[in-house]
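Hello,

Here is the structure I promised to pass on. Have a look at it first, and then read on for my notes.

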Amino acid sequence: MTTVGDFMTTRLVTMDGDATLAAAAQQMRDSAIGDVVVCDGDNVVGIVTDRDITVRGVAEDMDPSTTRLDQITSKDVITVSQYDDAVAAADLMRTYAVRRLPVIEDGRLIGLVSMGDLAVEREPQSVLADISADDPNN
């Protein structure tokens with residue numbers, strides 16, 4: 001059985017819900033990633049993606065320099081363990097229509113697994129796996 005821990009990423013960026021959309025976007029740019037995990041202390045409260053900033057923030061005329069992440073973060077976070085089966089993680093993504101799952105161990109964030117990670121692992125010849133395995137082009 002392939003587990004989530006076999007291919008999750010541990011290169012994470014976390015931010016507090018009080019951080020601004022602009023700060024999150026800058027962090028994503030500087031780290032060449034498309035998401036930040038939003039935390040309240042040690043608790044994961046959500047994930048904000050570059051698309052969330054665009055669609056939920058900027059497109060709704062929110063000022064990125066003053067709008068806080070907790071204003072656009074979805075509060076229902078589905079998490080997995082590093083020991084969970086990869087197929088089960090993919091099923092969770094499909095069921096809840098999410099592309100990323102925080103990986104929690106003993107109540108602490110230790111990684112993140114994405115749809116792209118699953119594609120690279122499970123279907124290495126797929127177009128999504130090709131795109132996900134490439135270096136960022138931005």
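Before the strands, one definition: two strands count as paired if DSSP finds at least two bridges between them. Please also keep in mind that this is a predicted model.

With that in hand, let me start with the sheet. It is an open one made of 3 strands in the order β1-β2-β3, with mixed pairing. β1 (14–16) and β3 are at the edges and have a single partner strand each, so one side of each has no neighbour in the sheet. On average, neighbouring strands are turned by 40° against each other, direction ignored.

The two pairings look like this. β2 and β3 run antiparallel and are joined by 6 bridges; here Val37 stands opposite Ile47 in β3. The hairpin of these two strands has 2 residues between them, and Gly41 takes a positive phi near 65° there. On the other side, β1 and β2 run parallel and are joined by 3 bridges, with Met15 opposite Val38 in β2.

How many residues of strand β3 are buried? The strand, residues 43–49, is mostly covered, with 5 of its 7 residues buried.

Now to α3, which I enjoyed looking at. Its buried residues include Ala86, Ala89 and Met93. Viewed down the axis of α3, the buried residues fall within an arc of 60°, so they line one face of the helix. Arg94 and Thr95 are exposed and sit on the face turned away from that buried side. At the N-terminal end, Asp85 acts as a cap: one of its side-chain oxygens lies 3.2 Å from the backbone nitrogen of Val87.

Just after α3 comes something you may want to look at in the backbone angles: Ala97 takes a positive phi of about 55°. Most residues other than glycine have a negative phi. Ala97 is in the loop between α3 (86–96) and β4 (100–105).

There is another alanine of this kind. Ala32 also has a positive phi of about 55° although it is not a glycine, and its place is the loop between α1 (21–31) and β2 (35–40).

Are these two alanines buried or exposed? Ala32 is partly exposed, with a relative accessible area of 40%. Ala97 has a relative accessible area of 69%, which makes it exposed, because the cut-off for that word is over 50%.

Happy to talk any of this through.

Best wishes

Methods:
Residues are numbered from 1 along each chain as its sequence is written. This is a predicted model: local features need pLDDT of at least 70, side-chain atom pairs count only at pLDDT 80 or more; totals for chains, interfaces and linings use all residues. Side-chain values use heavy atoms; hydrogens and water are left out. Helices (H or I, at least four residues) and strands (E, at least two) are DSSP runs, numbered from the N terminus. Buried means under 20% relative accessible area, exposed over 50%, partly exposed in between (1.4 Å probe, protein chains only). The arc is that of the directions from the helix axis to the C-beta atoms. A polar contact is a pair of N or O atoms within 3.5 Å; within protein, one must be able to donate a hydrogen and the other to accept it, and residues adjacent in sequence count only if both atoms are side-chain atoms. Axes are lines fitted to C-alpha atoms, for helices over the stretch in contact, and angles run from 0 to 180 degrees between N-to-C directions.
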